[in-house]
Amino acid sequence: MTNSSSPIVNADYLAPVNTQTWVNGRHNVRCVKVIHETWDVRTFCFMAQQPVMFFFKPGQFVTLELDINNQQVMRSYTISSSPSVPYSFSITVKRVPGGEASNWLHDNMTVGMELAVHGPVGQFNCIDFPAEKVLMLSGGVGITPLMSMARWWFDTNADVDMTFIHSARSPRDVIFTRELDHMAARLDNFGLYLIVERMENGLPWQGYRGYLDAAKLDMISPDFMEREIYCCGPTPYMKAVKALLKSRGFDMSHYHEESFGATPADVVEDAKEQAEVAQAEADAVNQDDLLRIEFATSGKSIQIGEGETLHTAAAKLDLMIPKACGMGICGTCKVLVKEGQTQMDHNGGITDEDVEAGYVLSCCTVAKSDVVIEY
């Protein structure tokens, strides 16, 4: 007979945990929690099947590999959690009218579901631009990378003076309200200021109303000229912020913005790519100027003209290299160059280590000689 007062020991809990560290690449994860943040925003929390420490730079993002209507869809989302909680990571997604991936996640992603993610990548982060005083400006769901930064500084007791200004449509659209209030209540170096565009009946509001303008900026952060500024939000919001800062003579080398997802870049790039293919086929090209691109794994090869990307070459051969952004940001289209010379013009979607190992992002890489690619 067992003693009912003795503790129940979970052998699995006490077993040694062998962990790995997250590195840029493809990883299988499962959803472990879904949090309803607002009426149209949800947070999805993920963990690996085997313990993995998901360390990343706060502000970076991942690309989800989704199966929607039997079609592979790649979409990138900023990580909203902090690497100070290392065994899981979260993304916070707003339901968007007509948004294929965001609506699918809201309607279908449940606890226990598995999927593949690529990353983490991104130049927009608070590790590469350390500062003693920061100003965080966000609009709508653009709060997610800044929330990751704020959580990181909060959890690590960083000696960083933070001013956080968030703009939303209405009080019910403010994301992470309780957690932001919690931070502001416990840190002397955390100033929280919320601005809503309009009021709604029955919802009390004691914050600012309207839009972020010069008067509000001077009132909230009179020393903004001395701060490192991080900005993320819809394209009109970021354009307005940049115009405001430039008009005040702010040194824009201390301004950083998350531009991924601001425009439907995948649609634009796909159209440009199709146009490139059509133009290349229509134009009479000097055969001596063509370069041979060989895809070693598939055994296919093609000749392309100068300036055409490796991704375009693959598309002509019906080889669909996954991509989500088409701008060298998400890192999804990474391939290994085994032979030949290439030129890559990326936007932070690949690490220095991968470049040293011979990897390139096919969407923004052109051949400078005959090239052999492992794909």
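Proline 120 is found in strand E8, and in this predicted model the peptide bond that leads into it from glycine 119 is cis, with omega near 5°. Most residues other than glycine have a negative phi, and most peptide bonds are trans. Proline 120 is also among the residues closest to the centre of the second largest pocket. The protein chain as a whole comes to nine helices and 21 strands, and of its 375 residues, 47% count as buried.

**Backbone features**

- Asparagine 70, in the loop between E5 and E6, has a positive phi of about 65° although it is not a glycine, and its relative accessibility of 73% is why it counts as exposed, the cut-off being over 50%.
- Aspartate 318, in the loop between helix H8 (310-316) and strand E17 (334-339), has a phi near 60°, again a positive value in a residue other than glycine; with a relative accessible area of 63%, aspartate 318 is exposed.

**The second largest pocket**

- The second largest pocket has a volume of about 470 Å³, and of the 21 residues that line it, the closest to its centre are Lys57, Gln60, Pro120, Thr351 and Glu353.
- Two elements, strand E8 (114-121) and helix H9 (352-356), give two or more residues to this lining, and H9 gives the most, with three residues.
- By residue class, the lining of the second largest pocket divides into seven nonpolar, nine polar and five charged residues.

**Aromatic rings and charges over them**

- The structure holds ten aromatic pairs, one of which is an edge-to-face pair formed by phenylalanine 55 and tryptophan 152, at 6.1 Å centre to centre and with 75° between the planes.
- That pair links distant parts of the chain, since phenylalanine 55 lies in the loop between strand E4 (52-53) and strand E5 (61-68) while tryptophan 152 lies in helix H3 (residues 143-155), 97 residues apart.
- The two partners are assigned to separate accessibility classes: phenylalanine 55, at 44% relative accessibility, counts as partly exposed, whereas tryptophan 152 counts as buried because its relative accessibility is 17%, under the 20% cut-off.
- Ring pairs also link Trp22, Phe46, Phe54, Phe56 and Phe89 into a cluster.
- Two positions place a basic side chain over an aromatic ring: arginine 172 lies over the face of tryptophan 39, at 4.1 Å from the ring centre, and lysine 334 lies over the face of tyrosine 359, at 5.0 Å from the ring centre.

**Burial and long-range contacts**

- In helix H2 (residues 100-108), the residues Ala101, Ser102, Asn103, Trp104, Leu105 and His106 are buried, and what covers the buried residues of H2 includes strand E3 (41-48), E5, strand E6 (71-78) and strand E7 (89-94).
- Among contacts in the protein chain with a separation of 6 or more, residues 24 or more positions apart account for 68%.

Conventions:
Residues are numbered from 1 along each chain as its sequence is written. This is a predicted model: local features need pLDDT of at least 70, side-chain atom pairs count only at pLDDT 80 or more; totals for chains, interfaces and linings use all residues. Side-chain values use heavy atoms; hydrogens and water are left out. Rings of Phe, Tyr and Trp (its six-membered ring) pair if their centres lie within 6.5 Å; planes under 30 degrees apart count as stacked, over 60 as edge-to-face and the rest as tilted. Helices (H or I, at least four residues) and strands (E, at least two) are DSSP runs, numbered from the N terminus. Buried means under 20% relative accessible area, exposed over 50%, partly exposed in between (1.4 Å probe, protein chains only). A charge sits over a ring if NZ of Lys or CZ of Arg is within 6 Å of the ring centre and within 35 degrees of the ring normal. On a 1 Å grid over the protein atoms alone, a cavity is a set of points where a 1.4 Å probe fits but cannot get out, and a pocket is an open set with protein on both sides within 12 Å along at least five of seven lines; lining residues have an atom within 4 Å of a point. Grid points are joined across faces, edges and corners, and a volume is the space filled by probe spheres set on the points. Ala, Val, Leu, Ile, Met, Phe, Trp, Tyr, Cys and Pro count as nonpolar, Asp, Glu, Lys and Arg as charged, and the others, Gly among them, as polar. Contact means heavy atoms within 4.5 Å.
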